[in-house]
Amino acid sequence: MSARVTVLSLLVEELNSGRVKVVDLTQPLGADTPVIGLPPIFAPSPPFSMETISSYDQNGPAWYWNTIHLGEHTGTHFDAPVHWITGKDFANNTTDTIPVRQFVGAACVIDVSKEVALYEDFLLTREVVQAWEGEHGKIPRGAWLLLRTDWSKRTGNEAFLNVKADGPHSPGFHKDCVKFLAQERDVLGVGVETVGTDAGQAGTFDPPFPCHTFMHGAGKFGLASLKNLDQLPPTGAIVIAAPLKIVNGSGSPLRVVALTPAE
Ligand code: MN
């Protein structure tokens, strides 16, 4: 019996030949990983920490392993709909109940890195998305909308979190754009290079944190602290983003990879 040619056998051939490459969209997860800061009236999320259980020593002579401690929303991570009050009543809204089909999706990458270099509080608008669609085609249902800002190229937590006297400053989404993406384009969710899917100043917006409010209020997902979005084409890549199966989890750190055509 000869092996049947399928789209998956072709994919393996393409991966082996290098015509399709795997791009890591994930930040390293360690004690230096930046964590979102909230006003002191709210409970903070702890930084990542790790302690050794054993390291080929008297606690385990032939094995090395660690205990880790971290908030669910640390480093490159997934936001489930239950993370926000607007998404709390959906079925299958937690990390353990989201259908696994939704962990694989096409990626539409909108590059606003030039705009963000000029204005760190840049907000993506519906008009910019529609101009992008004029060039690259309509965003298909169930695709990730990835916002390339090059924010992940900032070095050091101070520059990455960019907190000033009036709070953090970083790019994000205008509320009308989020509604458009969720309701009129039915995206899987949005992915960003910043510490959270909302803009740094979004706590002052009306409503506060509109990306979380409307995305999760439509049962959509978020991906934060992504990197290497500059290695993806505007369309044609596939993102694999499967959170840990935490029971009743609101999100989780994860390894996000993209399959993309090699140039
Ligand atoms: Mn989050």
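## Strand pairing and salt bridges

S5 pairs with strand S7 (residues 144–148) in the parallel sense, over five bridges. This description rests on a predicted model. Within the pairing of S5 and S7, Ala 107 stands opposite Trp 144 in S7.

Strand S5, which covers residues 104–111, is also joined to strand S13 (residues 237–240). Here the strands run antiparallel, and four bridges connect them. Val 104 has Ile 240 of S13 opposite it.

Charged side chains make a further set of contacts. In general, side chains of opposite charge can pair when their charged atoms come close. The count of salt bridges in this model comes to 13. Three of them, with their N to O distances, are listed here.

| Salt bridge | N to O distance |
|---|---|
| Glu 120 and Arg 154 | 3.8 Å |
| Arg 141 and Asp 186 | 2.8 Å |
| Arg 148 and Asp 150 | 2.9 Å |

Glu 120 forms a salt bridge with Arg 154, with the closest N and O atoms 3.8 Å apart. Glu 120 lies in the loop between helix H2 (113–118) and strand S6 (123–124), and Arg 154 in the loop between S7 and helix H4 (157–161), so the pair ties together parts that are 34 residues apart in sequence. Glu 120 has a relative accessible area of 19% and is buried, because buried means under 20%. Arg 154, at 29% relative accessibility, counts as partly exposed.

The side chains of Arg 141 and Asp 186 meet in another salt bridge, at 2.8 Å from N to O. This pair links distant parts of the chain, 45 residues apart. Arg 141 is in the loop between helix H3 (126–136) and S7, while Asp 186 is in the loop between helix H5 (175–184) and strand S11 (189–192). Is Arg 141 buried or exposed? With a relative accessible area of 71%, Arg 141 is exposed. Asp 186, at 24%, is partly exposed.

Arg 148 is the last residue of S7, given the range 144–148. The side chain of Arg 148 meets that of Asp 150 in a salt bridge of 2.9 Å, N to O. Arg 148 counts as buried, at 17% relative accessibility. Which residues are linked with Arg 148 in a network of salt bridges? They are Asp 111, Asp 150, Lys 153 and Asp 230. Asp 111 of this network is also the residue at which the range of S5, 104–111, ends.

Technical notes. Residues numbered from 1 in each chain as written. Predicted model: local features only at pLDDT ≥ 70, side-chain atom pairs only at ≥ 80, totals over all residues. Heavy atoms only, no water. Pairing = 2+ DSSP bridges. Helix = DSSP H or I, 4+ residues; strand = E, 2+ residues; numbered from the N terminus. Salt bridge = Lys/Arg side-chain N within 4 Å of Asp/Glu carboxyl O. Buried < 20%, exposed > 50% of the residue type's maximum accessible area, 1.4 Å probe, protein only.
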